[in-house]
Amino acid sequence: MSEKRLKRRKLRKKLFTKNRLVILNEDTFEEIFSFKLNLMNVFVAATLGAILLISFTTVIIAFTPLREFIPGYSSSKLKRDATELALKSDSLTMALQQNEAYIKSIQKVLTGELEYAKFNKDSILATVDEAQSPVDLSPSEEEIKLRNEVAKEEKNLKSNASKAKKK
């Protein structure tokens, strides 16, 4: 117990012992300025300076266009353009499907498979909207096998890496 107290007292004494920092002109030995400091003041000033520098840098990067130079961030114009192009491609895909259905129906009429009286463009377009089938996203057997193989390889790599760290 007493040893810990002695260590604490010594540390406190070192931290709060006043020292003088003097800046002198080397040629004339004229004192330019001086400070009375202790280690605790220097530590607090350095910590506050580091915190201010980090926060200032973070604010500059977060609220200016500089963030576009960081990998992983993209410009807002690029995001807006990508969204617009995605919407256009979706609408073009729908228009293409409708035109294909219309052309197939016209071909049926021309080949005689369908009577002209039953032919109506609106009914064809309505059937195209209904004909879109849901996409099956369940993995196939080959995909499941590939996933299992990749998982085994990752386990082997992790175990090899952990063995290498131990050595």
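Let's start with one residue: Ile32 sits in strand β2. This is a predicted model, and Ile32 is a handy way into a nonpolar patch on its surface, where Ile32 is joined by Leu21, Ile23, Phe33 and Phe35. Here's a quick tour of that patch, the strands behind it and how confident the predictor was.

**The nonpolar patch**
- Together, the five residues Leu21, Ile23, Ile32, Phe33 and Phe35 offer about 450 Å² of accessible area.
- Two elements, β1 (19–24) and β2 (31–37), each give two or more residues to the patch.
- Strand β2 is the top contributor, with three residues.
- Is Ile32 buried or exposed? Ile32 counts as exposed because its relative accessibility is 53%, and the cut-off for exposed is over 50%.

**The two strands**
- β1 and β2 run antiparallel, and six bridges hold the pair together.
- Which residue of β2 does Leu21 stand opposite? That would be Phe35, and both Leu21 and Phe35 are members of the nonpolar patch.
- The hairpin of β1 and β2 has six residues between its strands.
- Look out for Phe29 in this hairpin, as Phe29 takes a positive phi near 55 degrees.

**How confident is the model?**
- Across the protein, the mean pLDDT is 84, with 86% of residues at 70 or more.
- Of the protein's elements, helix α2 (residues 39–62) comes out highest, with a mean pLDDT of 94.
- At the other end is helix α4 (residues 121–131), with the lowest mean pLDDT, 61.
- Where pLDDT is low, don't read the predicted coordinates in detail.

Conventions
Residues numbered from 1 in each chain as written. Predicted model: local features only at pLDDT ≥ 70, side-chain atom pairs only at ≥ 80, totals over all residues. Heavy atoms only, no water. Patch = residues over 30% accessible without salt bridge, like charges linked within 9 Å, V, L, I, M, F, W, Y side chains within 5 Å. Areas by Shrake-Rupley, 256 points an atom, 1.4 Å probe, with all protein chains shown as cover. Salt bridge = Lys/Arg side-chain N within 4 Å of Asp/Glu carboxyl O. Helix = DSSP H or I, 4+ residues; strand = E, 2+ residues; numbered from the N terminus. Buried < 20%, exposed > 50% of the residue type's maximum accessible area, 1.4 Å probe, protein only. Pairing = 2+ DSSP bridges. pLDDT = per-residue confidence, 0-100.
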